[in-house]
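Before going through this chain piece by piece, please look over the sequence and the model together. The questions that follow are ones a bench biochemist might ask on first opening it.

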Amino acid sequence: MSDYLPAEVILEILKRLPIKSLVKCRSVCKTWNSLICNPSFISTHLQASLSEPNNTPFILLRCFKKGKENYFLHYDNDDFDEFKQLQFPVFGCLSCSAVVGSCHGLVCLTFLPQDVLNFIFWNPSIQKYITLPQPNICCYTDDVRLNFGFGFDSRTNDYKLLIVGVEKGETLIEPYLFSLNENCWKRVTPASPKYAVEAGISSTFVNGALHWLGYQRGKNGGFSNAILGFDLSSEEFLEISLPETLVWLCPMDLSTMRYGESSIAVLKRDWEDGELFELWVMKEYGVVESWTKVLALHLIDQSGWFPRVLGFRKNGEVLLQVDDGEMASLDLNCQQMEPHGVEVGAELLYVGSYVESLVLLDKAVDVRSVSDAIHAIDSSDSDESSEGECEIT
């Protein structure tokens, strides 16, 4: 075909193909393989997929069924149809694994098989992964608690992983940042924020920044809460005020989640009078006056199963887990809940939006077996900071 069609026409055709077809097209000839693996084409194809209005988005589910770790992709449509189960042969046998986050088809995983920090970027669509060099930072101790955040820097077209440590005195210590482009860690030294974050709380990536529920403790033992953010482009912390009714609550009763394409929401849990959930959304990112309460769920029967709020769907409905593992959606306009007939079990560990992409095609190794993954991890253990850490700035 390349003998009869101009290169720009071939490019236009290829960037409209699904991932599975593109992977096969790499075998056509060396020219096509070089084109498809080119970072510029990978970015162009991703942007075309994100901007295509007729593309049905996916939702990524991670759960345990029958003692086994499983990953599923579901269409974010009315019926919540299953698209496919993802093959996950590499890390399924390793303990203490967790999803840090997902962005542009890239899933960031962490696990502690030997009480050391290990991270992996995995693209299940093309079955490739990369093992990150270990950061030069101590792991969990009695004095230091760690939080992780994963997202995309649009200014440099780079995927970044942030480690935020909180000392026992609830002081935020100097964070570490990994850059996929640079393939190394560095310490970042922005102005130290006055807020701490709870250990083990997932971050919310939106609008180019990672977000957590931040808090500071007053002299009287009370709390003052706000959204603590970290901009991945400027590599600086930012602060977003909460609605007054959420500022003075216990931070453990609050959590953040993504709202739409460019803003955040906060979930409030109240255990004093039955079980009450409130969902607040920031209709306009960064505008404090745009905080709006959109949902209140109250459970009177203490023996009943209370819905678990998982996040927002593309159409604005709230995704729930009900009846000990079934997925359902709640329409905020009519307050009607619609079950999907999809049971994921009680051990649902991660839910997030997902888009198939070619990210890592030019950098990573193929996913083949568990032994390959363990070998990669062992190799990274022996790679000291000379290869895994940038010059400290």
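**Strands, loops and a pocket**

Visitor: Over how many bridges do β2 and β3 pair in the antiparallel sense?

Guide: Helices (H or I, at least four residues) and strands (E, at least two) are DSSP runs numbered from the N terminus, and two strands are said to pair if DSSP finds at least two bridges between them. One bridge sets tyrosine 71 against its partner in β3, leucine 86. The antiparallel bridges between β2 and β3 number four.

Visitor: What kind of model is this?

Guide: Residues are numbered from 1 along each chain as its sequence is written, and side-chain values use heavy atoms, with hydrogens and water left out. Local features need pLDDT of at least 70, side-chain atom pairs count only at pLDDT 80 or more, and totals for chains, interfaces and linings use all residues, since the model is predicted.

Visitor: In the open sheet formed by four strands, by how many degrees are neighbouring strands turned against each other on average?

Guide: The strands follow the order β3-β2-β1-β25, with antiparallel pairing. Because β3 and β25 (348–354) stand at the edges with a single partner strand each, one side of each has no neighbour in the sheet. With axes fitted as lines to C-alpha atoms (for helices over the stretch in contact) and angles running from 0 to 180 degrees between N-to-C directions, the average turn between neighbouring strands of this sheet, direction ignored, is 20 degrees.

Visitor: How many of the nine residues of strand β14 are buried?

Guide: A residue counts as buried under 20% relative accessible area, exposed over 50% and partly exposed in between, using a 1.4 Å probe and protein chains only. Strand β14 (residues 209–217) is largely enclosed by the rest of the structure, because its buried residues number seven.

Visitor: How many bridges join β14 to strand β15?

Guide: β14 also pairs antiparallel with β12 over two bridges, and with β13 over three. Towards β15 (residues 223–231), leucine 213 stands opposite isoleucine 227, and the hairpin of these two strands has five residues between them, with glycine 221 taking a positive phi near 90 degrees. The antiparallel bridges joining β14 to β15 number nine.

Visitor: Which residue in the turn of the hairpin of β13 and β14 has a positive phi?

Guide: Within this pair of strands, phenylalanine 205 has leucine 210 of β14 as its bridge partner. The hairpin has two residues between its strands, and the residue in the turn with a positive phi, about 60 degrees, is asparagine 207.

Visitor: Is serine 203 buried or exposed?

Guide: Serine 203 sits in the loop between β12 (196–197) and β13 (204–206). Contact means heavy atoms within 4.5 Å, and, leaving aside residues up to four places away in sequence, serine 203 touches Phe148, Gly149, Phe150, Leu210, His211 and Trp212. Because its relative accessible area is 14%, serine 203 is buried.

Visitor: What is the relative accessibility of phenylalanine 80?

Guide: Phenylalanine 80 lies in the loop between β2 (68–75) and β3 (82–86), and its phi is near 55 degrees, a positive value in a residue other than glycine. Phenylalanine 80 counts as buried because its relative accessibility is 0%.

Visitor: How far apart are the C-alpha atoms of lysine 160 and asparagine 181?

Guide: Lysine 160 belongs to strand β9 (residues 158–167) and counts as buried, because its relative accessibility is 5%. Beyond four places in sequence, its contacts include Asp153, Phe178 and Glu235. Along the chain, lysine 160 and asparagine 181 are 21 residues apart, while the separation of their C-alpha atoms is 8.8 Å.

Visitor: Which helix gives the largest share of the lining of the second largest pocket?

Guide: On a 1 Å grid over the protein atoms alone, a pocket is an open set of points with protein on both sides within 12 Å along at least five of seven lines, whereas a cavity is a set where a 1.4 Å probe fits but cannot get out, and lining residues have an atom within 4 Å of a point. The lining includes Pro39, Ile42, Asn181 and Lys363. The largest share, four residues, comes from helix α4.
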